[in-house]
Amino acid sequence: APSRNCNLLACSQTAKPANQQSWQTQIQGGSRQSPIDIRSSESVHDPQLTPLSISYDPSDCLQIWNNGYSFLVEFDDSKDNSVVSGGPLENHYKLKQFHFHWGAENNRGSEHTINSLVYPAELHLVHWNAEKFRTFDEAIFSENGLAVIGVFLKLGRKHDGLQKLVNALPAVKYKDSTVEFSNFNPSCMIPSCLDYWTYPGSLTTPPQTESVTWVIMKKPIEFGDDQLSAFRSLLFTPFGEKLENMVDNFRQQQPLMNRVVRATIL
Ligand SMILES: NS(=O)(=O)c1ccc(CCCCO)cc1
Ligand SMILES: [Zn+2]
């Protein structure tokens, strides 16, 4: 076999660590990237933070789409029925989609962590500022454009509300597949305790724009092993290509830099 004329200095094909997804790049000059580790002792209790006002209309739910990063449950944002306001938000934000991040094994999966504690999965409810912008795509690139509610998932009792979603996943096994999905109320995945942390951040997947007000719920919701297995049975790859299970679709943690995480005392 030809000897590889490649010593350490000259070798250009440096191997990337196996777990580095292609989009795990550090955005150029980013000062407010997400996700982060939330150190509760360093967060600032802010008495002016009111409870979030969340109201979703299950009839706005449209479809599930496997976009090759996660599966997105997409909502009709042409009306003002599914919105979040209050808390750190100056305006009302419309629900556009929700999705999850999870690991291949139970010791990893969430994007944010609490005092370095990792959860096996994390839910993101993605909303856009419909008072300031005309479309989601415009809001993605704008200051105060998006509000994402993060909810941690821990393994335990099966989540009855989630089962309807889990039953639909085999229909979107492959990248670029979609299936009609209606009458689902994401409120069933909001913890009963409305305490949260909030900080200014970014999208955790491309284009990683710094347009997100993050609201991370302090308490996790529970779901079952079989439900997490259903997430792990999805594929990153389209029909006909080599099967790659959709797992470990979380970004590496980013530096806090000059940011303060605020906490509620509800
Ligand atoms: N993981 S996340 O909640 O930060 C998130 C939310 C929304 C997008 C949308 C990108 C749309 C590109 O057209 C990407 C990432
Ligand atoms: Zn996400």
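How far does a polar side-chain atom of H124 lie from an oxygen atom of ligand 1? The gap is 3.4 Å. Please keep in mind that this is a predicted model. Here are my notes, point by point.

1. **Polar contacts of the ligand.** Besides H124, with its polar side-chain atom 3.4 Å from a ligand oxygen, two further side chains deserve a look. T204 places a polar side-chain atom 2.8 Å from a nitrogen atom of ligand 1. For H101, an N or O atom of the side chain is 3.3 Å from a nitrogen atom of ligand 1. As for cover, ligand 1 on its own exposes 410 Å², and the protein buries 78% of that.

2. **The shell around the ligand.** If you would like to select the neighbours on screen, they are Q97, H99, H101, H124, V126, I140, V148, L203, T204, T205 and W214. Sorted by class, this shell has five nonpolar and six polar residues, and no charged ones. Two elements give two or more residues to the shell, namely β7 (93-102) and β9 (121-129). Of the elements, β7 contributes the most, with three residues.

3. **Where the ligand sits.** Which pocket holds ligand 1? Ligand 1 sits in the largest one, and that pocket has a volume of about 400 Å³. Its lining is made of 22 residues, and those nearest the centre are Q97, H99, L203, T205 and P206. Among these, Q97, H99, L203 and T205 also belong to the shell around ligand 1.

4. **What builds that pocket.** The elements that give two or more residues to the lining of the largest pocket are β7, β9, α1 (136-140), β10 (146-155) and β13 (212-217). Here too β7 gives the most, with three residues. The lining divides into 13 nonpolar and nine polar residues, with no charged residue. The shell around ligand 1 likewise has no charged residues.

5. **The second largest pocket.** It would be worth turning the model to find this one as well, with its volume of about 190 Å³. It is lined by 16 residues, and P88, N144, P200, T213 and R262 are the closest to its centre. Strand β12 (residues 196-201) gives the most to this lining, with three residues. What classes of residue make up the lining of the second largest pocket? There are six nonpolar, five polar and five charged residues. By contrast, the lining of the largest pocket has no charged residues.

6. **An unusual backbone angle.** N144, one of the residues closest to the centre of the second largest pocket, has a phi near 60°, a positive value in a residue other than glycine. N144 lies in the loop between α1 and β10. Most residues other than glycine have a negative phi, so this spot merits a second glance.

7. **Two cis peptide bonds.** Most peptide bonds are trans, so cis bonds are worth pointing out. The bond from P206 to P207 is cis, with omega near 10°. P207 is placed in the loop between β12 and β13, while P206 is one of the lining residues nearest the centre of the largest pocket. The bond from S34 to P35 is also cis, with omega near 0°. P35 lies in the segment before β1 (37-38).

Technical notes
Residues are numbered from 1 along each chain as its sequence is written. Chains are lettered from A and ligands numbered from 1 in the order in which they are written. This is a predicted model: local features need pLDDT of at least 70, side-chain atom pairs count only at pLDDT 80 or more; totals for chains, interfaces and linings use all residues. Side-chain values use heavy atoms; hydrogens and water are left out. A residue is near a molecule or strand if one of its heavy atoms lies within 4 Å of it. A polar contact is a pair of N or O atoms within 3.5 Å; within protein, one must be able to donate a hydrogen and the other to accept it, and residues adjacent in sequence count only if both atoms are side-chain atoms. Accessible areas come from the Shrake-Rupley method with a 1.4 Å probe; for residues, only the protein chains shown count as cover. On a 1 Å grid over the protein atoms alone, a cavity is a set of points where a 1.4 Å probe fits but cannot get out, and a pocket is an open set with protein on both sides within 12 Å along at least five of seven lines; lining residues have an atom within 4 Å of a point. A molecule sits in a cavity or pocket if more than half of its atoms lie within 2 Å of its grid points. Helices (H or I, at least four residues) and strands (E, at least two) are DSSP runs, numbered from the N terminus. Ala, Val, Leu, Ile, Met, Phe, Trp, Tyr, Cys and Pro count as nonpolar, Asp, Glu, Lys and Arg as charged, and the others, Gly among them, as polar. Grid points are joined across faces, edges and corners, and a volume is the space filled by probe spheres set on the points.
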